[in-house]
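Student: I am new to this structure and would like a close look at a single part of it. Could you take me through that part slowly, and then show me how it fits with its surroundings?

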Amino acid sequence: MIATAWWGRRLARAAEWLTTPLLPDDYLGLVNPLWSASEPCGRVESVRRETADATTLLIRPGRGWAGHHPGHHLRVGVEIQGVLHWRVYSITSAPDSPDGLVSITVKTLPGGRVSPHLGRHTAPGTVLRLGAAEGDFTLPFPVPPRLLLLTAGVGITPVMGILRALAARDTVPDTVLVHSAATPQDVVFGPELRELARRKAALTLHEHYTRMHPGGPGAGARSRRLTADRLADLVPDWRERDTWACGPVGMLEAVERHWAQAGIAEHLHVERFRFATTPAGAEANGPGRVRFTVTGREADAAPCVPLLVVGEDAGVPMPSGCRMGICHSCVARLVRGRVRDLRTGRIHGEAGDLVQTCVSAAAGPVHLEL
Ligand code: FES
């Protein structure tokens with residue numbers, strides 16, 4: 001046994017010596033991207049249309065994939081016209097699914113660059129770069145006995161990973177899912193959710209449609225948001241349930257206020273993909289204007305617009321990845337001025353600091369080393 005390990009180390013050292021300056025892993029990645037452990041990749045095995053604008057990619061992860069927990073998200077890198085773009089997606093599959101596949105569900109955003117490519121033009125066989133699974137929108141262990149899952153639109157995606165994991169267990173905790181969508185046809189995973197609720201007595205599904213004709217589903221009717229009163233009718237014991245919520249910013253802010261007013265904010269877990277657009281005291285530091293010191297470009301910057309977008313609109317080559325404060329691909333050096341963190345509203349920054357341009361806005365005049 002000891003001799004085997006010794007020979008293994010010798011062989012690894014010899015391989016490193018032969019492949020210098022690259023590592024053996026680099027050559028494995030060239031032969032087959034899925035063999036690389038240093039740059040994990042996955043191959044799209046199949047593509048499934050969920051709704052008119054949501055598509056699931058089922059991906060076979062390669063050697064570097066370390067697994068995930070239900071509720072995690074991951075960065076996905078896709079090459080479009082020779083440029084690698086990174087975006088973050090929730091993992092919608094359960095961990096350790098029997099087929100070994102990992103799935104993400106992409107909503108096609110009109111005018112977007114990456115989501116239409118992934119959702120409409122990605123064929124089986126496409127290789128995608130994969131980041132590590134991460135996030136804290138996960139269930140604790142042991143799982144609380146009573147759960148409330150509050151979702152809207154594609155906010156169902158991280159919760160679907162959680163539901164599929166719960167459904168695979170022998171005992172499913174008492175779980176209520178309240179999901180909002182425009183119409184029944186817009187419910188992502190609608191048929192599977194309804195089937196799950198039919199099979200699992202412990203799972204209750206309430207679908208709330210925001211756009212309904214009196215005579216049935218369809219366009220042209222008035223918008224009808226889920227209200228606190230309606231939620232209390234559907235789930236009378238909502239205060240006693242540990243709650244996971246994911247959806248548009250407006251919904252999450254209303255939910256956070258409601259839970260805080262009820263004095264149970266600690267029972268609420270929120271997955272937030274977009275940022276508030278009305279920072280308090282936004283004008284206190286004067287009008288925002290950004291000077292990009294390397295390219296010499298300059299642009300006005302509204303208090304709620306990320307520096308990343310200000311730079312892109314001004315034609316400055318801006319590094320970026322997830323565009324939501326997770327990957328740190330977008331950092332730039334602050335030469336002068338201060339910035340506002342769009343997630344918290346905190347104003348900060350000293351000359352020389354690195355700032356994440358995707359989640360920072362100008363708080364007055366700013367110089368950035370770009
Ligand atoms: S682009 Fe990922 S943190 Fe800014």
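Student: What covers the buried residues of helix 5?

Tutor: Please keep in mind that this is a predicted model. The cover over the buried residues of helix 5 includes helix 4 (156–167), strand 8 (174–181) and strand 9 (203–209). To see what is being covered, begin with helix 5 itself, which spans residues 190–199 and whose buried residues are Gly190, Leu193 and Leu196. Looking down the axis of helix 5, you find these buried residues within an arc of 130 degrees, so they line one face of the helix. On the other side of helix 5, by contrast, Pro191 and Arg198 are exposed.

Leu193 is a good residue from which to explore the covered face. Once its neighbours within four places in sequence are set aside, Leu193 is in contact with Ile156, Met160, Leu163, Leu177, Val187, Val188 and Leu205. Leu193 also belongs to the largest nonpolar core, a group of 23 residues, where it is listed with Ile156, Val159, Leu163 and Leu177 as having the most contacts inside that core. Two or more residues of this core come from each of strand 7 (146–152), helix 4, strand 8, helix 5, strand 9 and strand 12 (242–246). The most is given by helix 4, which supplies 6 residues. A general tendency is worth recalling at this point: in soluble globular proteins, nonpolar side chains tend to be buried together.

The two strands that help to cover helix 5 are also partners of one another, for strand 8 and strand 9 pair in the parallel sense over 7 bridges. Within this pairing, Thr175 stands opposite Leu203 in strand 9. The chain passes from strand 8 through helix 5 to strand 9, making a β-α-β crossover that is right-handed. Strand 8 also holds Ser180, and this residue, with a relative accessible area of 12%, is buried because that value is under 20%. Leaving out residues up to four places away in sequence, Ser180 touches Thr151, Ala152, Gly153, His208, Thr210 and Leu226.

Helix 4, which also helps to cover helix 5, deserves a closer look through Arg164, a residue placed in that helix. Arg164 has a relative accessibility of 14% and therefore counts as buried. Apart from residues up to four places away in sequence, Arg164 touches Arg48, Thr92, Ser93, Ala94, Ser103, Phe189 and Glu192. Asp96 offers a contrast in its surroundings, for this residue lies in the loop between strand 4 (83–90) and strand 5 (102–107) and is exposed, with a relative accessible area of 78%. Although Asp96 and Ala165 are 69 residues apart along the chain, their C-alpha atoms are separated by 9.2 Å.

Moving away from helix 5, you can follow strand 6 (residues 127–130), where the side chains alternate: Leu128 and Leu130 point to one face and are buried, whereas Val127 and Arg129 point to the other and are not. Strand 6 runs antiparallel to strand 1 (residues 41–51), to which it is joined by 3 bridges, and here Gly42 stands opposite Leu128. Strand 6 is also antiparallel to strand 3 (residues 73–80), with 2 bridges joining them, and the bridge partner of Val76 is Leu130.

Further along the chain there is an open sheet of 5 strands in the order 15-14-21-16-19, with mixed pairing. Its edge strands are strand 15 (297–300) and strand 19 (354–356), each of which pairs on one side only, and the twist averages 35 degrees from one strand to the next. Strand 19 is joined by 3 bridges to strand 16 (residues 331–336), and the two run antiparallel; in this pairing, Ala332 has Val355 as its bridge partner.

To return to the part you asked about, the buried residues Gly190, Leu193 and Leu196 belong to helix 5, and what covers them includes helix 4, strand 8 and strand 9.

Definitions and conventions:
Residues numbered from 1 in each chain as written. Predicted model: local features only at pLDDT ≥ 70, side-chain atom pairs only at ≥ 80, totals over all residues. Heavy atoms only, no water. Buried < 20%, exposed > 50% of the residue type's maximum accessible area, 1.4 Å probe, protein only. Helix = DSSP H or I, 4+ residues; strand = E, 2+ residues; numbered from the N terminus. Arc of directions from axis to C-beta. Contact = heavy atoms within 4.5 Å. Core = buried A, V, L, I, M, F, W, Y, C linked by side-chain atoms within 4.5 Å. Pairing = 2+ DSSP bridges. Right-handed = clockwise from strand over helix to strand, strands pointing away. Axes fitted to C-alpha atoms, helices over the stretch in contact; angles between N-to-C directions.
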